[in-house]
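Biologist: I should like to understand how the terms used for a protein model are justified. May I put some questions to you?

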Amino acid sequence: MAQVEIFVNAPESNAAFFKQYEGDEEALISPKVNKINEILDAHFRGGTVDGNKIAKSDGKVIIFSYNRAVSPHIFSHIKYKNLAIHMTAQDEDALAIWQNDPKCMILVADEESIREGNNMQAATRMIRVQT
């Protein structure tokens, strides 16, 4: 089941699928990336997502997933990558950058890298890719 979950959220991580669809960028990007971009648009500009009105916000965002293959996929394909940083369990500096750099608005992370005791109060929105 975990492999199916990874495939749905990061299709390019599946070697056979990648080989078959290499060059077809759209097929290799999870449809969840489009939804995340829609939510980020509404967060930063104001708007409606799935009938829910979202007020414009200058606040920071956390996007996280529980499979390690998914967060790099999301980070690579979100349209606000220039405002984002990717955090893995080995990169504690990313959290400090996200917390302290006013230009770094989005933290994309593996759920396991966000540990108990980390201060996430800078976030005004959390997007969980996998449930």
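Modeller: The following exchange takes up the terms one by one, for a model that is predicted.

Biologist: What makes up the protein chain, and in which order?

Modeller: The protein chain holds five helices and six strands. Read from the N terminus, the elements run α-α-α-β-β-β-α-β-α-β-β. Of its 131 residues, 42% count as buried.

Biologist: Why are F44 and Y80 called a tilted pair?

Modeller: Two aromatic rings are described by the distance of their centres and the angle of their planes. The ring centres of F44 and Y80 lie 5.2 Å apart, and the cut-off for a pair is within 6.5 Å. Their planes stand at 50°; an angle under 30 degrees would count as stacked and one over 60 as edge-to-face. The pair is therefore tilted. By this rule the count comes to one aromatic pair.

Biologist: What makes this a link between distant parts of the chain?

Modeller: F44 belongs to helix 3, residues 31-45, whereas Y80 lies in the loop between helix 4 (70-77) and strand 4. The two residues are 36 residues apart.

Biologist: How do you know whether F44 and Y80 are buried or exposed?

Modeller: A residue counts as buried under 20% relative accessible area. F44 has 14% relative accessibility, so F44 counts as buried. Y80 has 9%, and therefore Y80 counts as buried too.

Biologist: How do you know whether the length of helix 3 agrees with what is expected?

Modeller: Helix 3 has 15 residues, and 21 Å separate its first C-alpha from its last. At 1.5 Å a residue, 21 Å is expected, and the span of helix 3 is close to that value. After helix 3 comes G46, whose phi is positive, near 85°.

Biologist: Which residues of helix 3 are buried, and what do they pack against?

Modeller: The buried residues of helix 3 include V33, I36, I39, L40 and F44. The buried residues of this helix pack against strand 1 (47-49), strand 2 (52-54), strand 3, helix 4, strand 5 and strand 6.

Biologist: Why are strand 4 and strand 6 said to stand at the edges of the sheet?

Modeller: The open sheet has four strands in the order 4-5-3-6, with parallel pairing. Strand 4 (84-87) and strand 6 (123-128) each have a single partner strand, so one side of each is left without a neighbour in the sheet. On average, neighbouring strands of this sheet are turned by 20° against each other, direction ignored.

Biologist: How do you know that strand 3 pairs with strand 5 and with strand 6?

Modeller: A pair needs at least two bridges. Strand 3 (residues 60-65) and strand 5 (residues 106-110) run parallel and are joined by five bridges. Among the partners, I62 is matched with L107 and I63 with V108. Strand 3 and strand 6 are likewise parallel, over five bridges, and F64 stands opposite R128 in strand 6. Both pairings therefore satisfy the cut-off of at least two bridges.

Biologist: What makes strand 3 a covered strand?

Modeller: Six of its six residues are buried. On one side these are K60, I62 and F64, and on the other V61, I63 and S65, and thus both faces are covered.

Biologist: Which helix packs on the sheet, and which strands does that helix touch?

Modeller: Helix 5 (residues 93-100) does so, touching strand 3, strand 4, strand 5 and strand 6. The direction of helix 5 makes about 155° with that of strand 4.

Note on methods: Residues numbered from 1 in each chain as written. Predicted model: local features only at pLDDT ≥ 70, side-chain atom pairs only at ≥ 80, totals over all residues. Heavy atoms only, no water. Axes fitted to C-alpha atoms, helices over the stretch in contact; angles between N-to-C directions. Contact = heavy atoms within 4.5 Å. Buried < 20%, exposed > 50% of the residue type's maximum accessible area, 1.4 Å probe, protein only. Phe/Tyr/Trp six-rings, centres within 6.5 Å; stacked < 30°, edge-to-face > 60°. Expected span 1.5 Å × (residues − 1).
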